[in-house]
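Morning, everyone. I'll take you through one structure today, piece by piece. Please have it up on your screens.

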Amino acid sequence: MKRYAWIQGLLLLFVALLGGCNPITASPEQVQGLTKEEAAQIASAAVRQYYHVEVNTTDRVITLDDPAKLVESATGEPIFRGIPVHVVINHEPQVGEVSAFHAIIDPKSKQALSVSIDIAGQNGEKTAKALTEADLEKAAAEFIRTQKLLTPTAFQLVKSSYANPDDLKRYFYYTDGLKAIAIGVDTQLQQVVTFTYI
């Protein structure tokens, strides 16, 4: 009987080790009818439209997240209103190059609800010119106006993230009474790098 318990314990340890050695499950090829390639093309077009930067999907790793698996622990509700897609460069990026871009896409309308870009910078290099709160907020508001993300004559700043000199992004939250949006401004690049309808 002792030998059986010992073998069973060893077998359980072996199964536990095997379970811990499994690679992270691969990104699904399709989520709610949206394929990886289609999602990457929608995200790429949104980056061109909103940030006026040409990006492609070749030589990049494309991953989709299933929003049904990303839920709030307290409520069980999905965290995202759409399908997150990540398009990450497959080699060491050059300084100033878009190393990755991300979007959250509504699977029905095929519209981007959120778009952000990651731009490669030099390690530890800080911006020579410190921007004021007003400069950062002005960049965020101008982005909303030029991209027509909210009603241009009716939007207003609701709040901004805490000013921390160590943060690379500052967030500004606006509404026009109908929709609300969060705008992220890169403090080193001095430009908007992300927006999300909330």
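**Salt bridges, a helix, and some strands**

Let's start with Lys110. This residue is partly exposed, at 29% relative accessible area. Keep in mind that we are looking at a predicted model.

What does Lys110 form a salt bridge with? The partner is Glu38, and the closest N and O atoms are 3.6 Å apart. Now look at where the two sit. Glu38 is in helix 2, residues 36-51, while Lys110 is in the loop between strand 5 (98-105) and strand 6 (112-119), so this pair ties together parts 72 residues apart in sequence. Glu38 is partly exposed as well, with a relative accessible area of 30%.

How many salt bridges does a search of the whole structure find? Three. You have just seen one of them, Glu38 with Lys110.

Next, Glu29 and Lys36. Their side chains meet in a salt bridge, at 3.4 Å from N to O. Are these two buried or exposed? Glu29 is exposed, with 57% relative accessible area. Lys36 counts as buried, at 16% relative accessibility. The cut-off for buried is under 20%, so Lys36 falls on the buried side.

Then Glu142 and Arg145. Here the salt bridge spans 3.5 Å, N to O. Both residues belong to helix 3, residues 133-147, and they are three residues apart, so about one helical turn separates them. Glu142 is partly exposed, at 40%. Arg145 is partly exposed, also at 40%.

Back to helix 2. It has 16 residues. From first C-alpha to last, helix 2 reaches 22 Å, close to the 22 Å expected at 1.5 Å a residue. Which residues of helix 2 are buried? Lys36 is on that list, the lysine that meets Glu29. The other buried residues of helix 2 are Ala39, Ala40, Ile42, Ala43, Ser44, Ala46, Val47, Tyr50 and Tyr51. After helix 2 comes His52. Check its backbone: phi is positive, near 55°.

On to the strands. Strand 4 covers residues 83-89 and is mostly covered. Five of its seven residues are buried. What does strand 4 pair with? Strand 3, residues 60-64, is joined to strand 4 by five bridges, and the two run antiparallel. Strand 5 is joined to strand 4 by six bridges, again antiparallel. Pick out one residue pair from each. Ile62 has Val87 in strand 4 as its bridge partner. Val88 has Ala100 in strand 5 as its bridge partner. One point to hold while you rotate the view: in a regular strand, side chains alternate between the two faces of the sheet.

Last stop, Tyr171. You will find it in strand 8, residues 169-175. Tyr171 counts as partly exposed, at 27% relative accessibility. What does Tyr171 contact, once we leave aside neighbours within four places in sequence? Lys159, Ser160, Ser161, Ile183, Gly184 and Thr194. Take Ser161 from that list. Tyr171 and Ser161 are ten residues apart in sequence, yet their C-alpha atoms are 5.2 Å apart in space.

To close, go back to Glu38 and Lys110 on your screens. That salt bridge ties helix 2 to the loop between strands 5 and 6. Thanks, that's my slot.

Definitions and conventions:
Residues numbered from 1 in each chain as written. Predicted model: local features only at pLDDT ≥ 70, side-chain atom pairs only at ≥ 80, totals over all residues. Heavy atoms only, no water. Helix = DSSP H or I, 4+ residues; strand = E, 2+ residues; numbered from the N terminus. Buried < 20%, exposed > 50% of the residue type's maximum accessible area, 1.4 Å probe, protein only. Contact = heavy atoms within 4.5 Å. Salt bridge = Lys/Arg side-chain N within 4 Å of Asp/Glu carboxyl O. Pairing = 2+ DSSP bridges. Expected span 1.5 Å × (residues − 1).
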